[in-house]
Every structure is written in structure tokens, then in C-alpha cells.
Amino acid sequence: MDQFTLNLIFIGLSFLLYFGIAIWARAGSTSEFYAANRGVHPVMNGMATAADWMSAASFISMAGLIAFTGYDNSTYLMGWTGGYVLLALLLAPYLRKFGKFTVPEFIGDRFYSKTARIIGVVCLLVVSITYVIGQMEGVGITFARYLEVSKTSGLLIGAVVVFFYAVLGGMKGITYTQVAQYVVLITAYTIPAVFISLQLTGHVLPQTGLFGTLNEGGGKFLATLDQVVTDLGFKSYTGHHTSTLNMILFTLALMIGTAGLPHVIIRFFTVPKVSDARKSAGWALVFIALLYTVAPAVGSMSRFNLTTTMWPGAAGGDVYSQSAVSLDSIQNDQDKEWMRNWQVTGLLNWEDKNGDGLIQYYNDEAEPSEPLATVIADQNLQGNELTTVNRDIMVLANPEIANLPGWVIAIVAAGGLAAALSTAAGLLLAISGAVSHDLIKGAINPDISEKNELLAARISMGASILVATLLGLNPPGFAAQTVALAFGLAASSIFPVLMMGIFSTRVNKQGAIAGMLAGIVSTLLYIFTYKGWFFIADTNMLPDTPDAWLMGISPASFGTIGALINFGVAYLVSNATEEPPEHVRDLVESIRVPRGASGPTADH
Amino acid sequence: MSEQGGTKDMAIEGRGSGYWKANLRVIWICLIIWALVSYGFGIIFRPLISGIKIGGTDLGFWFAQQGSILVFIVLIFFYAWRMNKLDREHGVDE
């Protein structure tokens, strides 16, 4: 059976599964639509949260980011998991006890202010919409690659699929679909990793394979990798090469950004009890860790496989013991077919600059040391001949690089789609909840009946899918920057206001509003200064380089500073104005104790 | 908001019995460990513990790429278990 048919079968089967679940779990009330009737088992919720949270970026891009930078990009691993500790300890149980449906609703009630609630809605919309564009693009690209359709058709297919199961099922349908999507994506991620770990180190578990010994050559895998990449002029894999301050701030920005993402927070509204919310955050991290502890192995092993493809001698730890791969081999050999496949997409390319019939891959940007300098002189090298290696292909091409069977490749395709679709659905739910519950019911028409609110929720979900699809088809300049923006904004606006709402009885309406505005505005200004106004090219006021950054803080790390500004401003303004009213202090005291949360939709 | 009176009484009871203080203490302990394994062992103190070798590299690299994640999981479950116990001791469980 050819690869295309296999892809079609696996992707088709996974979609049938999602549709079946959506029909089985369709929502009939607002409580089912927004919070799955608060009946989701904590383990199930953990699995759904994991799928909700792990986007196309986690599935496709993260291992590639680690592969080419090594230790320095551990920031992603620690940052995107450490946020769950903050969620479990500082937010999830209290927001669950609060017992409402959306994040802006908490902000509005706790800070007794419609203005605060609307600002909360704006923050949520900016964070979620920028994030969802990236997901829709990911869906389009994955479809295009594996179903051989155009990116536009791929995106439209994805939009129809999400529309069907998200609009029909609401939170209830999305929850169980995400459980299925988690199973698909983790299987897809793990199978190739296990095969490759076995091939290289003989370890079944990629987690221990990373620290294992190579089958060929007999050296420790990581030591050999360090040796091989430094011989080629690259920075060592396990070494620390960036600014420590920036590494800390970036990790912290990802952590508090994660804890502040509205589509993740609302998942904790779906469990029956406060104690389930605490436990559920733990289960979410268990399921996330199944991918996140495999990712560094996937990254390092694919880097090693790429290097040994280019320099067969590298497999034994001695790069220059054999000559580089020949042009002839790349064009004709069966085991190099993946290179030809990916050359078509433009994500991988090579050029025989010195015309010796060999493709020499090395770092031509650093001052060469021995033995590279000798090789450059002896072989008359004119620069790195592997001219393009897109980082994203490290996961997608991994099974092909390791010569794994066709069905593994088909599973990876289905897994990539599951990752993008599940996150898109979660984001769309957060967006539609903010529109129908916070804007329509909360501000425009408080007397709306439940039936009409449910209809409004479905219509706003449909409209958000339409907007996301249109933006995905014509991505604005900032699509590539969504991570920096979404995390920075969530970190600087939503997380601090929620945390102060729970841990302080003194922070008042004025403080919260001033804090949120100061946090968001400062973060946006900092990002725009270096990335350009609204990410329009050439409008940046300072170059986006470490030398120009304020104290070496990168725009992506600034969310941490924005959060500190938010906390500081809120504290000062609150202390300069009057205390919050008695009933608000009672509200804060009551969300701090679990008792009274499990009644059927408390005070609703 | 029919049960507001009830929750208020319980809140005061929770406050009086030091429930919230005990909760904050557990949070602080967990957050110190959280920061120690990631920012500490994984980044700042990595050079100090680089003498401890593991699988072709040093302990700090392991903490940065795997160890801290495993500790995070343990921390959350420890917190959930400890808080359930506190909830029962202070009579504020569900």
C-alpha cells in the first residue's frame, strides 16, 4: 500500500473517532457547553488538558528547537511544564471553588467591576486569537504535506472538522474528543522515538536512551554528540551558551504564561470537586511529561541522525574518518529518499558549492578550530553545503530518516493534526465563552434565557472559527510571533490578576485595572519596540539583537517583567485607594476553603 | 448567592483554625523546591554540581531536560495529598 493511502486511512479513522465522540457527547445546557456539567473525572481531565495544551508547537516544533540548540533550549522543557505547578498550587483549586464558567467572570466578580471584566475579555481575546491563528496554519500545513492538497484546502478541511465537533459538543464534546486526540498524539510521538532509541542505544525508553551508550562506537550518546557537533564547528550540545539572566526570565515567562492561559484554566472548571482540580493538574502534567521527557531524546537523536547521514563517519564518533555524503548517494540511494521528499517542500536543501560531488555540512559562521580548519583547507570548502534545514522537519521527517515503516509515518501525520485540532478547539471554546457569557450575558443582555445563551455560545463559536480560518488563510505579519505575544500577554495580564484576586484581600478594583493595563501595555510596547509596531516589518525602533535589548532581556522573556510591573502597580494603586467592600473580602475568604464547591452548580 | 452566609461562617472557621496559614506554608515549601530544581540545579547552580556525572554529561543537564519535570509531578501530587489531609483536619473538606 502506498504512503498516501496509508495517510488517508489513518487520518480518516482518527476523524471518524472524533465525530463519533462529538455526537455521543453533544451539549444540551450552558453548564454542559461551558464546563461539561462539572462531571469530568480528574484523570480524564488531565488527559484532555494535556491535548488542549500541547499544540502544534509542542508536537512539531519543540524537539527541533532543542535539536539545534541543545541545553540552552531546556527553557522550553522547564517553562512549559513548570507552569502546571503554579496552576495546581496558586490558581486551579480556587477558581474551581469560585464555581463559574469563564476567567473574565472571576475577574469581574472579584474586582466588583464591569470594566475589569471587559479588560479581562480583551486580554483573553488577544491571547487566544493570536494563538489560534498559528494552530489553524499548522493544520493547513500538515494536511498539505500528507494529503497532497493545497494549504488552503487543508485549512478549510480542518475548519469544517473543528466546527462540527466543537460547536455541537461544546466543552463536553471537546473534552472527550481531546482525550481521544491525546491518545493519538502521544502514540504518534512515542512510537518513532522508541524505534530510534532502540536503533541508536538499545534502550526501549527514549528517556534513558538519551543518557545511554551508543550501539555503534560504544561511547556515551551525549558525549559523542557533543564531540561530533563541535568537530563540525557547532556549539556543544550540552554546554551553556546564552545569558543566564535571559534564560531564567524566559523560563519564568513561559511558566506564568502557561498558568495564565485561559483555555487551560477553564479545563479545571470541569471537574466535580476542588480536590479534583488539584489532582487533575498533576495528571495533566503526567500526560504532558510523557511527551516532554521524550522530546529531548527526539531532538538530540534526530540531530545525531542528521549528522551521521551527512558524515557517515560520525556514527562512530569520528566525523572525518570517512568522506561526506556524496551528491550521487543523495540523488539515488533508497535510504536518502526522505531528503528528496523534503527537498520538494523547500524545507531541506543542499548545494555542492565547491563542485567536488560531496555535500559537506558544517558551521561556516564560526571561527573554525582544528580539525575543521584542516578539512576546509584540504577539501577546498566554500561554505556549508546543507543550505536549508528547517527545524520543524526534525519530528515530521524523523520516522523517514530512521527508515521506519509507512504506517508509523501515517500515525505521525494523524498525531500532528490531533495536536493542532485539539488546541484550536480549546481556544475557540475560551473565545466563545468570553463572547457569549461575558460580553452578551454579562454586559449587553443580562436577562438572556439559558436556551438563547447556548445559541449565542454556538453562534460565537462558529463566528470565531470563521475569523480564525480567514486569519489563517491570510496570516497577518504577527502569526510567526504568536508564542512571544500569547505567552507574554497571558503572563503579564491574566496570571497576576488572578493570583492577587485569590491571595490578597487588599487589592481592589482600581489596583486590578491599573495593574492589568500596565502589564499588558508595557509588554506590548517592549515587544513592538524590537519586533516592529504590530509586527509590521521595518517599523521596529531598535534592532532585535541581544546588544540592543534592555539589560539583555529578549522580547519573548519580557512577560516576566510585565507581570512584575502588574503586581507592583496593583499593589501601589490599591494601597492608595479604599479597601474592597466587605462582600468581596468574604468572597475571597470563601474561595480559599474547599467546602461548599461540590453542590450542583453552586449559586448559579 | 443563597448560601453566602454559610460559606462566610466556614471561611471564618477556616481562618481561625489556621487552615489558610498551613496552606500557605505548604505552597511556600513546594515553590522553593520548584525553583531549586529548575532555576537552581537546572541553570544557576549547574556549574557547582557539574562534578556529578550522569550518562555522558552532568547532573545539571539532566535536571534541565528531565529531572525538573519529574520533580514537578511529584510536587503537585504531594501538594494534592497534603491539602486533602489539611482539608480534613480543619473540617473544610467537601
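Helices here are DSSP runs of H or I with at least four residues, and strands are runs of E with at least two, numbered from the N terminus. Before you start clicking, note that this is a predicted model, in which local features need pLDDT of at least 70 and side-chain atom pairs count only at pLDDT 80 or more, while totals for chains, interfaces and linings use all residues. Residues are numbered from 1 along each chain as its sequence is written, chains are lettered from A and ligands numbered from 1 in the order in which they are written, and side-chain values use heavy atoms, without hydrogens and water.

**Stop one: a surface patch on chain A**

Select A:Val521, which sits in helix H23 (residues 509–531) of chain A. Its relative accessibility is 42%, so A:Val521 counts as partly exposed; buried means under 20% relative accessible area, exposed over 50%, and partly exposed in between (1.4 Å probe, protein chains only). Now add A:Leu517, A:Leu525, A:Trp533, A:Phe534, A:Ile536, A:Met541 and A:Leu542: with A:Val521 they make a nonpolar surface patch of about 750 Å². Patches take residues with over 30% relative accessible area and no salt bridge, joining nonpolar side chains (Val, Leu, Ile, Met, Phe, Trp, Tyr) within 5 Å and like charges within 9 Å. Accessible areas come from the Shrake-Rupley method with a 1.4 Å probe, and for residues only the protein chains shown count as cover.

**Stop two: helix H3**

Move to residues 42–53 of chain A, helix H3. Ten of its twelve residues are buried, among them A:Pro42, A:Met47 and A:Trp53.

**Stop three: helix H21**

Next, pick residues 450–473 of chain A, the 24 residues of helix H21. Its buried residues include A:Leu454, A:Met461 and A:Ile465. To see part of their cover, show helices H2 (30–35), H7 (114–147), H8 (151–201) and H20 (406–444) of chain A.

**Stop four: chain B and the interface**

Colour chain B by secondary structure: along the sequence you will meet the pattern α-α-β-β-α. Of its 94 residues, 48% count as buried.

Which residues should you show at the interface? The contact (heavy atoms within 4.5 Å) takes 49 residues from chain B and 61 residues from chain A. In chain B, B:Gln65, B:Ile76 and B:Glu94 lose the most area to chain A, together 15% of what that side buries. Finish by zooming in on B:Asp87 and A:Arg278, whose side chains meet in a salt bridge (3.0 Å, N to O); the rule asks for a side-chain nitrogen of Lys or Arg within 4 Å of a carboxyl oxygen of Asp or Glu.

Key
The expected span of a helix is 1.5 Å times one less than its number of residues. Buried area is the accessible area (1.4 Å probe) that two parts lose on being put together, summed over both.
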